[in-house]
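Work through the exercises below with the sequence and the structure open. Each task is followed by a solution in steps.

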Amino acid sequence: VSAERRVVAVVGHAAYEIAGVTQVELESGLARAGALRAALDADADVVAVDELADGETAALALEAALAGALVVAGIPAPDAEAARARLVGLGVEPFLLDHAVAGVLALRPVPPGRR
């Protein structure tokens, strides 16, 4: 993390402190949308959100991406197509996704014994 970049992480629990990253923990009673709004107010260059769980949080993350911030966020979906459908289901306009989303990475845990 460079000194010129403002990096904000919105997480349920910060397991580690990362130098140069402002971590906003949701345990303090702050909702994801409120924490993300605070990151936008801080004019963050990079925003990490643990989960886009509701429409307001998804809309704010999209707003940040369209404003030029790099947004890295978790979304409960098994693949890229389902992630897009989930965002649309949360109220995000599909044409905005085309302009804001650069990529989707799907991760699946490997069951024990199949490694």
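The model is predicted.

**Exercise 1. Strand β1**

Task: Determine how many residues of β1 are buried, and which strands β1 is joined to.

Solution.
- Step 1. Buried means under 20% relative accessible area. 5 of the 5 residues of β1 are buried, so the strand is largely enclosed by the rest of the structure.
- Step 2. Sort the side chains by direction: Val7, Ala9 and Val11 point one way from β1, while Val8 and Val10 point the other way.
- Step 3. Look for neighbouring strands. β1 and β2 (residues 21-25) run parallel and are joined by 5 bridges. Within β2, Val21 is the bridge partner of Val7.
- Step 4. β3 also runs parallel to β1, with 4 bridges between them. Here Val49 of β3 stands opposite Val10.

**Exercise 2. Val24**

Task: Is Val24 buried or exposed?

Solution.
- Step 1. Place the residue: Val24 belongs to strand β2.
- Step 2. Apply the cut-off for buried, under 20% relative accessible area. The value for Val24 is 17%, so Val24 is buried.
- Step 3. For its position relative to Ala65, take the C-alpha atoms: the two residues are 19 Å apart in space and 41 residues apart in sequence.

**Exercise 3. The nonpolar cores**

Task: In the largest nonpolar core, find which residues touch the most other members.

Solution.
- Step 1. The largest nonpolar core has 21 residues, and those touching the most other members are Leu36, Val47, Leu87 and Val92.
- Step 2. Trace the members to elements: β1 (7-11), α1 (32-41), β3 (46-49), α2 and α4 each give two or more residues to this core.
- Step 3. Take Val92 as an example. Leaving aside residues up to four places away in sequence, Val92 touches Ala58, Leu62, Leu87 and Leu97.
- Step 4. Check for a separate core. A second one has 6 residues, among them Val11, Ala14, Val21 and Val46.
- Step 5. As background, nonpolar side chains tend to be buried together in soluble globular proteins.

**Exercise 4. The largest pocket**

Task: Describe the largest pocket by its volume and by the residues that line it.

Solution.
- Step 1. The volume of the largest pocket is about 720 Å³.
- Step 2. Its lining has 30 residues, of which Val71, Ala73, Val101, Gly103 and Val104 are the closest to the centre.
- Step 3. Assign the lining to elements: α2 (55-66), β4 (70-73), α3 (80-89) and α4 (94-100) supply at least two residues each.
- Step 4. Split the lining by class: 25 residues are nonpolar, 2 are polar and 3 are charged.

Methods. Residues are numbered from 1 along each chain as its sequence is written. This is a predicted model: local features need pLDDT of at least 70, side-chain atom pairs count only at pLDDT 80 or more; totals for chains, interfaces and linings use all residues. Side-chain values use heavy atoms; hydrogens and water are left out. On a 1 Å grid over the protein atoms alone, a cavity is a set of points where a 1.4 Å probe fits but cannot get out, and a pocket is an open set with protein on both sides within 12 Å along at least five of seven lines; lining residues have an atom within 4 Å of a point. Grid points are joined across faces, edges and corners, and a volume is the space filled by probe spheres set on the points. Ala, Val, Leu, Ile, Met, Phe, Trp, Tyr, Cys and Pro count as nonpolar, Asp, Glu, Lys and Arg as charged, and the others, Gly among them, as polar. A nonpolar core is a set of buried Ala, Val, Leu, Ile, Met, Phe, Trp, Tyr and Cys residues joined through side-chain atoms within 4.5 Å. Buried means under 20% relative accessible area, exposed over 50%, partly exposed in between (1.4 Å probe, protein chains only). Contact means heavy atoms within 4.5 Å. Two strands pair if DSSP finds at least two bridges between them.
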